[in-house]
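The following exercises introduce the reader to one molecular structure. Each consists of a task and a solution worked out in steps.

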Amino acid sequence: MSSLPDTAAWRSLTAHYAELRSVHLRALFQDDSERVTRMTLREGGLRFDFSKHRATDETLAQLVGLAEERDVAGAIARMFAGERINVTEGRAVLHVALRNRSNRPIRVDGRNVVPMVSAALAKMRAFSDRLRAGEHKGHTGEAISDVVNLGIGGSDLGPRMVVEALAPFAKGGPRVHFVSNVDGADLARTLAPLDPARTLFIVASKSFTTQETLTNARSARAWLIERLKEDAAVAKHFVAVSSNADAVRSFGIDGANVFEMWDWVGGRYSLWSTIGLPIACAVGMDRFEELLGGAHRMDEHFRTSPLSENIPVVSALLGVWYAGFFGAASHAVLPYDHGLRLLPAWLQQLDMESNGKRVRADGEPVEGYTTGPIVWGGTGTDAQHSFFQLLHQGTRLVPVDFLAPIESHYPRGDHHPKLLANMIAQAEALMRGRTEAEARAELGAAGLDEDGIDALAPHKVFEGNRPSTAILFPQLDPETLGALLAFYEHRVFVQGVIWGINSFDQWGVELGKQLAKQVLEELEGGSAGDHDASTRGLIRAVLQGRK
């Protein structure tokens with residue numbers, strides 16, 4: 001594949017950017033009364049308003065031309081066909097198979113994987129149903145009241161975020177907790193109020209070798225045995241999501257309580273798999289399958305819609321537009337829904353681990369353009385009192401996604417209308433800004449004299465022209481959440497295709513793991529090995545401090 005700047009579409013976009021970069025969004029709205037209608041796309045109950053972007057019909061047409069030149073449609077087809085598009089690891093990428101509610105065959109090396117997915121879901125249903133009904137008893141015969149998921153990365157962020165988002169649907173099941181940090185405080189504080197006789201642990205590790213997860217699992221095992229006095233208690237209080245059956249059995253987990261994973265499911269795309277077991281425990285398997293159904297609906301939209309009407313494609317192309325031409329180094333995600341407060345954290349891994357690459361899929365370095373943005377965010381209205389100053393008047397352009405439900409699960413007085421009013425107003429303020437003339441008029445109306453107006457007016461001017469997408473939906477339910485998460489997954493994939501990188505490996509995290517193993521051996525052995533002077537100094541400082 002040719003380098004992105006060498007494509008005809010990129011060269012055309014470069015010329016188009018030169019014409020559009022000084023055009024203000026105010027003018028685009030003033031000149032086009034139908035702009036919102038044309039630039040709003042819908043899928044089910046989700047409404048995506050792209051009209052507040054620094055783009056015209058010509059911009060979108062040229063961006064679609066770029067997608068065509070980079071064969072985005074072909075890449076989508078290859079993913080759904082089970083081809084090994086994760087080229088550096090030789091793996092298919094089939095998180096879409098995990099939520100294939102149509103049961104359309106999806107094959108890897110000629111084998112239809114849909115039946116094995118169905119079998120795994122059936123096993124999840126049987127277990128979670130027993131657990132929620134109080135039929136799965138602990139070692140002392142008591143029902144389980146608390147579930148602790150031990151995982152990290154994709155084995156933690158996805159399920160944790162979904163359980164939090166779907167809290168209004170968690171009725172009649174156990175309390176679900178998450179421990180990911182190898183810092184002992186995380187496990188200790190989680191276990192402190194729990195009754196070991198009524199606690200179940202889920203060890204979520206595909207390889208069953210992940211250092212942080214296994215460290216927490218061994219400590220949890222010791223906590224349980226110390227209090228219940230028998231090693232046999234482990235079989236009743238631990239289950240595993242893993243592909244390493246031998247290691248799981250050696251740990252003491254009953255083979256009947258091992259939930260299978262497959263190498264064509266990447267960690268950050270795995271919440272739809274048996275990694276979602278804590279979700280099923282929290283909200284029930286019916287709700288979990290509604291989550292899958294919403295994701296499948298977005299999958300089908302993504303798989304079948306023309307590029308110009310394809311919501312993940314349009315969103316991805318706009319992100320490429322800002323990164324490639326406006327110098328936007330980051331992307332802010334701002335849910336105006338307290339239940340979605342962990343969404344930015346989940347998206348950080350999804351996007352930055354997928355597309356934070358400096359080497360193309362063909363092994364050549366990325367040159368002449370940037371790849372994945374820094375993803376960050378927070379919930380409205382808290383974020384308005386935190387970092388919105390930079391969004392409005394900072395020197396950096398930051399495209400924004402606003403997300404909000406029209407109806408709240410917690411209607412209380414006028415709370416929700418105020419929340420929505422803030423979101424809508426912030427998007428308008430980012431787009432419109434405030435001119436100097438408007439600032440001076442406002443200050444004059446407030447009674448300031450000319451000297452006061454001259455002094456304050458520069459500080460009251462907002463450039464505006466800051467782009468955002470507004471995503472509205474009726475209410476946050478499992479199906480809507482599934483569609484939203486699938487939208488973001490596909491957005492990231494399309495951007496990787498445009499940039500020519502492999503969005504499904506993560507070699508960048510390996511070096512730190514390897515060095516951490518070496519440093520740990522030295523900390524345990526009491527001496528610093530072959531490192532730079534700073535690293536040796538840190539190791540020696542720790543050793544001396546521990547003495």
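## Exercises on a predicted model

**Exercise 1.** Determine whether Asn465 is buried or exposed, and describe its backbone.

*Solution.* At a relative accessibility of 5%, Asn465 counts as buried, because the cut-off for a buried residue is under 20%. The structure is a predicted model, and in it Asn465 occupies the loop between α20 (450–460) and β13 (468–473). Although Asn465 is not a glycine, its phi is positive, at about 60°.

**Exercise 2.** Classify Asp71 by its accessibility and state where it lies.

*Solution.* Asp71 belongs to the loop between α4 and α5 (72–80). Its relative accessibility is 34%, so Asp71 counts as partly exposed. The phi of Asp71 is near 60°, a positive value in a residue other than glycine.

**Exercise 3.** Compare the end-to-end span of helix α10 with its expected span, and describe the helix and what follows it.

*Solution.* Helix α10 covers residues 211–228, which is 18 residues. The expected span is obtained by multiplying 1.5 Å by one less than the number of residues, which gives 26 Å for α10. The end C-alpha atoms of α10 are 26 Å apart, so the two values agree. Buried residues in α10 include Thr213, Leu214, Trp223 and Leu228. Just after α10, Lys229 adopts a positive phi of about 75°.

The procedure can be repeated for helix α14 (residues 285–304), which has 20 residues. From its first C-alpha to its last, α14 reaches 28 Å, close to the 28 Å expected. Among the buried residues of α14 are Met285, Phe288, His296, Asp299 and Phe302.

**Exercise 4.** State how many aromatic pairs there are, and explain why Tyr17 and Phe326 are classed as edge-to-face.

*Solution.* Rings are paired if their centres lie within 6.5 Å, and by this rule there are 23 aromatic pairs. The ring centres of Tyr17 and Phe326 are 4.9 Å apart and their planes stand at 80°, so this pair is edge-to-face. Tyr17 lies in helix α1 (residues 8–20), while Phe326 lies in the loop between α15 (311–325) and β10 (330–335); the pair therefore ties together parts that are 309 residues apart in sequence. Tyr17 is buried, at a relative accessible area of 17%, and Phe326 is buried, at 15%.

A further edge-to-face pair is formed by Phe127 and Phe259, with 5.6 Å from centre to centre and 75° between the planes. This pair links distant parts of the chain, 132 residues apart: Phe127 is in helix α7 (residues 114–132) and Phe259 in strand β9 (residues 258–259). Both Phe127 and Phe259 are buried. Finally, Tyr17 and Phe326 belong to one aromatic cluster, together with Trp10, Trp321, Tyr322, Phe325 and Tyr369.

**Exercise 5.** Determine how α15 is oriented relative to α1 and to α4.

*Solution.* The axes of α1 and α15 are 11 Å apart and the helices pack at about 75°. Angles of 65 to 115 degrees count as roughly perpendicular, and α1 and α15 are therefore roughly perpendicular to each other. Their contact involves Trp10, Leu13, Thr14, His16, Tyr17 and Leu20 of α1, and Val320, Trp321, Gly324 and Phe325 of α15.

Helix α4 (residues 57–69) packs against α15 at an angle of about 100°, with the axes 10 Å apart. This makes α4 roughly perpendicular to α15. Here Thr59, Leu60, Leu63, Val64, Leu66 and Ala67 of α4 meet Leu317, Leu318, Val320 and Trp321 of α15.

**Exercise 6.** Describe the surroundings of Gln349 and Lys123.

*Solution.* Gln349, in helix α16 (residues 343–355), is buried, with a relative accessible area of 12%. Leaving aside residues up to four places away in sequence, Gln349 touches Gly153, Gly154, Leu157, Arg268 and Ser354.

Lys123 is located in helix α7 and is partly exposed, at a relative accessible area of 31%. With residues up to four places away in sequence again not counted, Lys123 touches Gly255, Ala256, Val258 and Phe259.

Definitions and conventions
Residues numbered from 1 in each chain as written. Predicted model: local features only at pLDDT ≥ 70, side-chain atom pairs only at ≥ 80, totals over all residues. Heavy atoms only, no water. Helix = DSSP H or I, 4+ residues; strand = E, 2+ residues; numbered from the N terminus. Buried < 20%, exposed > 50% of the residue type's maximum accessible area, 1.4 Å probe, protein only. Phe/Tyr/Trp six-rings, centres within 6.5 Å; stacked < 30°, edge-to-face > 60°. Axes fitted to C-alpha atoms, helices over the stretch in contact; angles between N-to-C directions. Parallel < 35°, antiparallel > 145°, perpendicular 65-115°, else oblique. Contact = heavy atoms within 4.5 Å.
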